[in-house]
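Please take a moment to turn the model around before reading on. The paragraphs below go through it step by step, from one helix to the cores and then to a sheet.

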Amino acid sequence: MSPPLLEARGLSLRYGAVPALDDVALSIWPGEVVAIVGESGSGKTTLLRVLSGLLRPEAGTVLYRAPAGATHAVHDMGEAALRRLQRTDWGFVHQNPRDGLRLGISAGGNIGERLMATGARHYGTIRGAATEWLKRVEIDPARIDGLPRTFSGGMQQRLQIARTLVTHPRLVFMDEPTGGLDVSVQARLLDLIRALVADLGLSVLLVTHDIAAARLLAHRMLVMRQGRVVEEGLTDRVLDDPQHEYTQLLVASVLAA
């Protein structure tokens, strides 16, 4: 079996007396989608930020295995090397698309900017790629010169996804990508994400409180409570036969809704 793409061990972090992460371990393999679920305050977003290098833990390590086989300790990397990793091999989809877009430049410019960060320079090639990605995320290419602030929330999120995936990252961190959207828009966006993940063979770490989204997208699931992973396993197994009482409560609350 190939080694994991990203591996974390012994991650701990406290906010005052509150344990945000308490000895958390996690691995994700190439082409795998792993969902991190739990109620608000469980530590799932903090874990995503630590894994992606945006936040430093008090203890523990995060290891990333690059395409050439080299292993990098994420929090020991220099700032420039980490930034390069975040705009090439990695991608991040924020819950609020405005956190992942530049609202003052066009939709095409948002997509093209990430391509330029990886070395693309030919205007025609960049604009052509932006056009194709707008189509791919179901945005009318005629909106290529429109500003994101004129887009609906669902369109902004699809534009953020296009901006993130245009460079074909190996690993994508997604923080509540359907949060705050209408139910019908959520369903359409989830179908789009599932199709893109399968087509591109992405590895995805997905933070969500939406059990239905986790079942649709994820191969494996981690359930967090008060900074600890209380249960993990194949998604269907965890949801159909939960072992921990907290997971049982989560699943029961969805069934009762």
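**A walk through the model**

Just after helix α3, G119 takes a positive phi of about 110°, and this is a convenient place to begin in what is, it should be said at once, a predicted model. Looking back from G119 into the helix itself, which spans residues 107-117, one finds that its buried residues are A107, G108, N110, I111, G112, R114 and L115. An α-helix has 3.6 residues a turn, so residues three or four places apart point the same way. What, then, covers the buried residues of α3? The cover includes three other helices, namely α2 (79-87), α4 (123-136) and α5 (153-165), together with the strand β6 (90-93).

One of the buried residues of α3, I111, leads on to the largest nonpolar core, which has 47 residues and in which I111, W133, V137, L159, I161 and V204 touch the most other members. The element that gives the most to this core is helix α6, residues 183-200, with six residues. Taking V137 as an example, and leaving aside its neighbours within four places in sequence, one sees that V137 is in contact with R158, I161, A162, L192 and L196.

Apart from this core lies another one, of 30 residues, among them L47, A66, W90 and L205. W90 has its place in strand β6, and because its relative accessibility is 1%, where buried means under 20%, W90 counts as buried. Which residues lie around W90, once its neighbours within four places in sequence are left aside? Its contacts are L6, L51, S52, G53, Y64, V74, L82, L85, R114, P169, L171 and F173, and R114 in this list is also among the buried residues of α3.

The last stop is an open sheet of four strands, whose order is β2-β1-β4-β5 and whose pairing is antiparallel. At the edges stand β2 (18-28) and β5 (71-73), and because each has a single partner strand, one side of each is left without a neighbour in the sheet. On average, neighbouring strands of this sheet are turned by 20° against each other, if direction is ignored. Within the sheet, strand β1, residues 6-15, runs antiparallel to strand β4, residues 59-65, and five bridges join the two; R9 stands opposite T61 in β4. Helix α1, residues 44-51, packs on the sheet, where it touches β1, β2 and β4, and its direction makes about 125° with that of β1.

Note on methods
Residues are numbered from 1 along each chain as its sequence is written. This is a predicted model: local features need pLDDT of at least 70, side-chain atom pairs count only at pLDDT 80 or more; totals for chains, interfaces and linings use all residues. Side-chain values use heavy atoms; hydrogens and water are left out. Buried means under 20% relative accessible area, exposed over 50%, partly exposed in between (1.4 Å probe, protein chains only). Contact means heavy atoms within 4.5 Å. A nonpolar core is a set of buried Ala, Val, Leu, Ile, Met, Phe, Trp, Tyr and Cys residues joined through side-chain atoms within 4.5 Å. Two strands pair if DSSP finds at least two bridges between them. Axes are lines fitted to C-alpha atoms, for helices over the stretch in contact, and angles run from 0 to 180 degrees between N-to-C directions.
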